Amino acid sequence: MAALPQSAVRDRLPTLFEVLNRRTLPPVDLYAFYVFMRDQQRQVDYLDFWLDIAQHMSLCRLYIRQLRQSVFINTPEPDKNSRHSSMVLEALKVHNELSADEKLRPDESRRLAQILRSESITSTEPYAEEEITARRNSAMMNLERQRQLAERSDLEKSKLKNNEEEYLARSQSPGLTVTRAHIRESAYGIMANYLVPGAECELALPLHITRGVTTSIEVDGRDDPEVFDEAKEYVFQAMEREAFPAFLAYKALGNLSPMGAITRLFIGLLALFAAFWVAFILIFLDYHKTVRLWLILPFSVGIYGCLTYQYYLDPIAVFVGYSELVYFKYHKIREPYVNALLRRRAVWVMTVIFILVVCLCVLFGLVPGRRL
């Protein structure tokens, strides 16, 4: 990933909104947050739900872009004065005036909904109960078929999610056109995968939220992103309140995975056991003090391993510029503020390690020997 522009360099920790909109760099990027939610919090379904809605909004943006082109190309000048064409053109004009930064604002779904409602004002009708059941069953069967065909891993999937540029590039290839049916299928897929009782990835959301979304989609026939606004905001607040602070403490204040920290603790305890064992042997066999100076090696390894577990921070890896994503899999630290913060903590940890090693070496090196 390219470096952030100079104007985007922060002198603070990133927010959840910045992480979800891919405005951050490793080790606090969206990919790292996805791995954290999957492996540590065990709540990756909530993040998947948020990302699927973001992808649904990308689909709507592409559809509106194509709709705008078709309206201006195919609509004769006199027909643009009709009520329906005027509403669509006015809505598209408002959307076209949005800048790239404005499209990330929370009210974007409301703007997209305005355009989609204007475009479908003459075709949206309530569905009959039989059609609701049929559409829901069809959506769930499509999801099952997609799960059977999916062969990429969760990590590879997380790299693709919410990447609007790649998604639009694929969608704009020759022969591919986004239709309103695609948008409806996307909305039904999100509802069937996360909000329908008994769904495989059913989320624990308040009942009034899930009922509101299902009613809007199945009864009112809506498929615009605004349908999911309340559920999306609830999930966002839940992640911001519970998971995100733990993520920042995990990745911005440390650079080890849980298994990596435990491995270092195990090695450190073994080294400390060996150091104390050899130290007492050298004392009770009355070896010369210069020989005991070699205790600095096992004591250094032991203290280093134990303190890296205590702080979840490997100073050597920080100084080299790497953070552990999963067990012994590293990625480069590219977020400037996080890099500076980790380096300050690494200096502190190395200082504590040095003091403890010196104290132990002095203690076991200068104590008088006595051969038993």
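Two residues are in contact when heavy atoms of theirs lie within 4.5 Å. In this predicted model, among the contacts of the protein chain between residues at least 6 apart in sequence, 76% join residues at least 24 apart. The chain has 16 helices and 2 strands, and buried residues make up 45% of its 372 residues. The values for the chain as a whole are set out below.

| Feature of the protein chain | Value |
|---|---|
| Buried share of the 372 residues | 45% |
| Exposed area | about 19900 Å² |
| Share of the exposed area from carbon and sulfur atoms | 59% |

One of the helices, H11, covers residues 229-251, and it bends by about 45° at Ala 243, with a proline, Pro 245, following within four residues. Ala 243 is itself buried, and the buried residues of H11 also include Val 235, Phe 236, Met 239, Phe 244, Phe 247, Leu 248 and Tyr 250.

Beyond H11 comes a loop that leads to helix H12 (258-284), and Asn 255 has its place in this loop. Is Asn 255 buried or exposed? Asn 255 counts as buried, because its relative accessibility is 0%, where the cut-off for burial is under 20%. Leaving aside its neighbours within four places in sequence, Asn 255 is in contact with Tyr 250 and also with residues further along the chain numbering, among them Tyr 312, Leu 313, Asp 314, Val 318 and Tyr 322. Tyr 250 is one of the buried residues of H11, while the backbone oxygen of Tyr 322 is reached by the side chain of Asn 255 at 3.3 Å.

Key
Residues numbered from 1 in each chain as written. Predicted model: local features only at pLDDT ≥ 70, side-chain atom pairs only at ≥ 80, totals over all residues. Heavy atoms only, no water. Buried < 20%, exposed > 50% of the residue type's maximum accessible area, 1.4 Å probe, protein only. Areas by Shrake-Rupley, 256 points an atom, 1.4 Å probe, with all protein chains shown as cover. Polar contact = N/O pair within 3.5 Å; in protein donor to acceptor, adjacent residues only side chain to side chain. Bend = angle between axes of the 7 residues up to and from the residue.
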